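Okay, everyone, thanks for coming. Let me put the structure up, and then I'll walk you through a few parts of it.

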Amino acid sequence: MRYIIIGAGAVGGTVGGRLAQAGREVVLVARGAHLAALRAHGLRLRVPQGESTHRLPAVDGPDPLGELRPDDVLLLAVKTQDTVAALDTWAGTPVAGGGTAAERLPLVCLQNGVESGRLALRRFRRVYGVCVWLPSTFVEPGTVSAAGAPLTGVLHLGRAPHGADDTIRRIAADLTDAHFEAPVVPDVARWQYAKLLGNLGNALEAVSGPVASEAAQALFARVRAEGEEVLDAAGIAYAGAAEQRAARDGKVTLVPLDGVPRGGGSSWQSLVRGTGTIEADYLNGEIVLLGRLHGVPTPLNELLQRLAGEFAREGRPAGSLPVADLVRLADEAVRQSG
């Protein structure tokens, strides 16, 4: 298999670098300064075991590759808000021997939330979901880091919307060789919804900083409880806390890395990098959508979705809204919803 990493940022770059270390063939897809650095200097991967540089093919899209190979695997690692554009770019790419990528190649959604799999299934016949537990940081163009040890991450995999096959088992075996735990499960969505509940704090971190103080943790608990109420009302199953701890505890412990600043979560990093977009519409916004569909008020997730979007569009600094002010806004939103 050749792995084409569509979106070689923090998560995609880490997975691509680790696969390359394990001897797998990897192509990185990036843009802008990151693409230029990858072409000029290779991918620098910083992990607790040390730093390595990988000279890998780096492209901005499918055209430089010509016809894709029948053994190619497309790993989609862009943010969810960029999924449709990526699908448009890659779905119609011809594959040697006939047909297109959408018709013949596996597409693995290495992303937060649950929406990308649904979007991909509109275009691709063979879609696989991943519950991504992979603390990683985009350090600078050409450089990514992942501070987890002894494993780099835990990636539950399965066919979307459910099931498993030989393809995903082969991919999981490669990821296992590449310093990940990669269990294949028949119900990957159940793990993705559990991760979604944790990701509801991404927007809180992005606008008000680390969820470390008692006030921030209490607010996140309220936001998460709102999410759980919505999933329960919708009849959506999700892995429980004990099951998640059993799957991850002792496997991915963060180790400080020299020269790597605190990265924060994916939403925090979007604000720091000034991308102008943020994935809150597909994290908190997923809870808001389900709440509206099933008659459950979601004032706290609506607030965080709105604030995160404003921060991204207006270029406001990450973490610049004091937690006390955010708590006041949350209390007001709850009162108004009642």
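So, let's start with one pair of residues: Thr137 has Ser145, over in strand 10, as its bridge partner. Keep in mind that this is a predicted model. That pair belongs to strand 9 and strand 10, which run antiparallel and are joined by 4 bridges. If strands are new to you, the strands of a sheet pair up through backbone hydrogen bonds, and they can do that parallel or antiparallel.

Now zoom out a bit. What is the strand order in the open sheet? It goes 4-3-10-9, so to speak, four strands with mixed pairing. Strand 4, residues 50-54, and strand 9, residues 136-140, are at the edges with a single partner strand each, so each has one side without a neighbour in the sheet. From one strand to the next, the twist averages 20°.

What lies across these strands? Helix 1, residues 10-21, lies across strands 3, 4, 9 and 10, and it runs at about 90° to strand 3.

Okay, on to the rings. How many aromatic pairs are there? The count comes to 0. But we do have arginines over rings: Arg248 lies over the face of Trp133, 4.1 Å from the ring centre, and Arg273 lies over the face of Phe138, at 3.9 Å from the ring centre.

Last stop, two helices. The axes of helix 8 (201-208) and helix 13 (299-314) come within 9 Å and cross at roughly 45°, which makes helix 8 oblique to helix 13. Residues making that contact include Leu204 and Val207 from helix 8, and Leu307 and Phe311 from helix 13. The crossing is left-handed.

Methods
Residues numbered from 1 in each chain as written. Predicted model: local features only at pLDDT ≥ 70, side-chain atom pairs only at ≥ 80, totals over all residues. Heavy atoms only, no water. Pairing = 2+ DSSP bridges. Axes fitted to C-alpha atoms, helices over the stretch in contact; angles between N-to-C directions. Contact = heavy atoms within 4.5 Å. Phe/Tyr/Trp six-rings, centres within 6.5 Å; stacked < 30°, edge-to-face > 60°. Lys NZ or Arg CZ within 6 Å of the ring centre and 35° of its normal. Parallel < 35°, antiparallel > 145°, perpendicular 65-115°, else oblique. Left-handed = near helix turned anticlockwise from the far one by under 90°.
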